[in-house]
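Biologist: Could you take me through one part of this model in close-up? I'd like to know where it sits and what surrounds it.

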Amino acid sequence: MSIELEDDEVVSPREDLIAAVLWVAFGLAVTIGSWRMDRLEKLNINPYEIPGLVPFLLGCAMSVLGVVLFIRAWAQGGWQAPMASATGHDPSLLRHMALVFGWSLFYALVLVGTGLPFMMGTFLFITVFIGMLDRQRQDEMGRSAAAQWVRAAIYGSCWSVLVALSFEYIFLVRLP
Amino acid sequence: MFDGLFAFGHSLASFMTLESVFMALASSLVGVIIGALPGLTATMGVALMTTLTIKLPSNQALLILICTYVGAIYGGSRSAILLNIPGTPASAASCLDGYALARQGHAGRAMGIATTGSVLGTLIGMFFLALFTPLLGDVALKFGAYEFFWLAVFGVIISATLTGGDALKGWICGFAGLFVATIGQDGIHAFERFSFDNRDLAGGLSLVPALVGAFGFAEILVAMKERRPVPEINPFDTVIPKLKDVFQYWRTILRSGIIGTFIGIVPGVGEDVAAWSSYAAAKRASKEKEKFGKGSIEGLMAAETGDNACVPGAIIPVLTLQIPGSAPAAVLMAAMLIHGVKPGPMIMLESPQFVYDVVAMMLLATIGILIYGLVLTKLLVKVLRVPTTIIVPMIFVLCVVGTYALSSRLFDVWTMLFFGVLGYVLRQYKFPVAPLVLGIVLGDLMEKSLRRGLVLSDGDLTPFFTRPIAGSIFAIIAIVLLMRAPFMQNLFKRKTP
């Protein structure tokens with residue numbers, strides 16, 4: 001299907017081992033939650049219609065597959081293998097991704113739906129995003145900081161107005 | 001035969017309004033642009049457009065989505081040829097020969113071949129869509145709860161197995177997706193499951209926000225991580241396709257079209273596998289094997305015909321079985337359900353005209369990509385030069401406002417964010433997201449079919465294995481799983497000299 005895996009990065013068996021433990025724990029939690037779920041006996045339903053049946057089977061399946069992943073990672077020396085992230089992560093990339101994550105989540109969780117007009121929130125989001133993350137490219141092009149922010153603000157205002165107006169008047173959506 | 005042609009003619013005539021033609025061309029262009037931009041995929045495009053078209057009448061909304069889908073699969077070839085970066089995973093096979101041709105100074109010719117292959121591929125797929133949907137619809141009428149249960153499991157298993165990467169991780173994700181679909185009130189007794197007394201969660205997790213998150217937000221996070229520089233694109237020759245290329249490689253085109261369509265029909269596999277399979281088959285049958293990977297016109301034609309033929313192919317199981325053949329088809333199916341169109345075995349009895357409407361929509365999309373392939377190359381090259389740092393925040397705004405627009409509730413936005421972050425983390429640890437999403441899509445069908453089947457047989461499991469179709473699907477699942485077992489792989493390795 002559509003999302004392709006990146007082949008250039010390798011996952012260490014140690015990471016697989018940790019992931020396997022998390023999957024087994026998740027699978028067991030689902031299994032236990034389903035087992036303890038109300039079986040609606042007082043409604044006198046068919047026992048094969050109990051609500052927990054399918055989640056129980058899926059929880060078991062995830063746990064079993066998690067155990068298989070654990071065994072495979074263990075056999076590949078996962079216990080002693082180093083974490084891939086400890087050997088290969090660039091601090092500037094981590095900062096960059098933290099900024100992308102943080103600012104995107106701030107927009108979706110705080111700027112949208114907490115009272116600030118949608119157009120204003122979107123303008124702020126796009127302007128700051130482009131202003132901060134496009135800086136390196138703009139510096140290489142020799143643009144001053146003021147010119148960069150003006151440019152980012154133009155993008156921000158155009159897109160926020162376009163999206164807000166088209167959603168309100170074409171798609172007839174009441175914006176948050 | 002003639003009934004089908006008349007029905008198709010009727011459908012086509014119904015779309016011959018200025019409004020519909022404009023929508024078809026505009027959405028094909030949107031699709032081509034989304035497909036051309038590395039990091040943005042067809043699934044993301046269709047998911048985003050689903051959120052934008054929610055208030056439109058069903059036929060117009062689906063026309064837009066199908067045109068976006070076809071456009072995006074075609075658009076991926078632009079960046080594959082010019083930048084050696086597949087715009088969508090479906091165009092990965094086109095990089096091999098497309099970029100090699102571009103380096104030899106034949107980028108224009110390569111784009112012309114991609115356009116020809118895509119147009120012919122879609123037409124071949126359309127033919128089979130019109131031909132097979134009624135036939136498969138008749139077979140689907142024989143499906144009961146047992147068959148649908150195994151078919152849903154088959155979709156998840158095969159998607160995890162054939163999409164590349166680690167099948168074991170794919171299966172885990174597939175089962176997790178099936179579990180996600182059980183969150184909220186169950187479909188039979190409306191009992192709240194795993195909702196933790198949260199009113200929003202009790203209604204279940206909506207499919208479209210999950211898809212926009214997993215294929216939209218997650219993809220833009222990956223695009224930001226890659227920090228691609230703005231590419232330099234060399235001048236290129238004419239993009240007008242040569243008839244000689246079509247006549248010389250007609251066998252390859254036909255073969256790739258058939259392979260692409262049939263791979264599309266297999267639930268959960270998709271365009272990238274179709275392109276690679278068509279490419280591999282073309283290489284095996286070619287008299288010019290040595291040219292493959294070094295600028296083979298035949299190789300590029302095969303890959304592009306295969307991936308675009310897969311699009312109509314992937315819609316065949318959506319219409320007949322309510323099981324998507326690919327990730328964008330899964331979104332399309334969700335959109336059909338949102339718009340009140342009920343695909344499935346009854347479609348040829350309840351609304352046979354709709355099948356031909358879809359074929360007509362495909363034809364309009366094909367005309368769209370043909371026009372853009374011939375006249376809008378320079379604009380597309382300009383689009384490729386727009387830096388990711390500018391596109392990403394704009395797309396993210398659409399992800400947020402689009403998911404909000406579905407039912408005007410912020411919970412959908414939170415769902416989108418959750419699946420975006422989950423999708424990103426899973427990808428970092430090589431857990432494929434596609435089976436997870438397919439699991440969410442097929443979860444409801446799988447659960448209802450299992451419970452219904454058990455009630456019908458009073459807990460007896462034998463009908464799941466002894467009914468001919470159910471037993472056959474189970475046998476295929478068992479073979480797929482066994483083939484992945486280490487002892488079987490060792491057996492095959494030993495036999496190979």
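**A close look at E192(B)**

Modeller: Sure, let's start with E192(B), which sits in strand β2 of chain B, a run covering residues 192-193. Bear in mind that this is a predicted model. The relative accessibility of E192(B) comes out at 37%, so this residue counts as partly exposed; to be called buried, a residue would have to be under 20%, and to be called exposed, over 50%.

Now for the neighbours. Leaving aside residues up to four places away in sequence, E192(B) touches G184(B), Q185(B) and A202(B). Take A202(B) from that set: 10 residues separate it from E192(B) along the chain, and the C-alpha to C-alpha distance between the two is 5.8 Å. There's a side-chain partner to look at as well, S195(B), whose side chain makes a polar contact of 3.1 Å with that of E192(B).

For contrast, have a look at T133(B), which belongs to helix α6 of chain B, residues 107-140. With a relative accessibility of 0%, T133(B) counts as buried because the cut-off for that label is under 20%. A polar atom of the T133(B) side chain lies 2.4 Å from the backbone oxygen of L129(B). Again setting aside residues up to four places away in sequence, the contacts of T133(B) are F128(B), I316(B), L319(B), T320(B), M348(B) and V355(B).

So, to put the pair side by side: E192(B) is partly exposed at 37%, while T133(B) is buried at 0%.

Methods. Residues numbered from 1 in each chain as written. Chains lettered and ligands numbered in written order. Predicted model: local features only at pLDDT ≥ 70, side-chain atom pairs only at ≥ 80, totals over all residues. Heavy atoms only, no water. Helix = DSSP H or I, 4+ residues; strand = E, 2+ residues; numbered from the N terminus. Buried < 20%, exposed > 50% of the residue type's maximum accessible area, 1.4 Å probe, protein only. Polar contact = N/O pair within 3.5 Å; in protein donor to acceptor, adjacent residues only side chain to side chain. Contact = heavy atoms within 4.5 Å.
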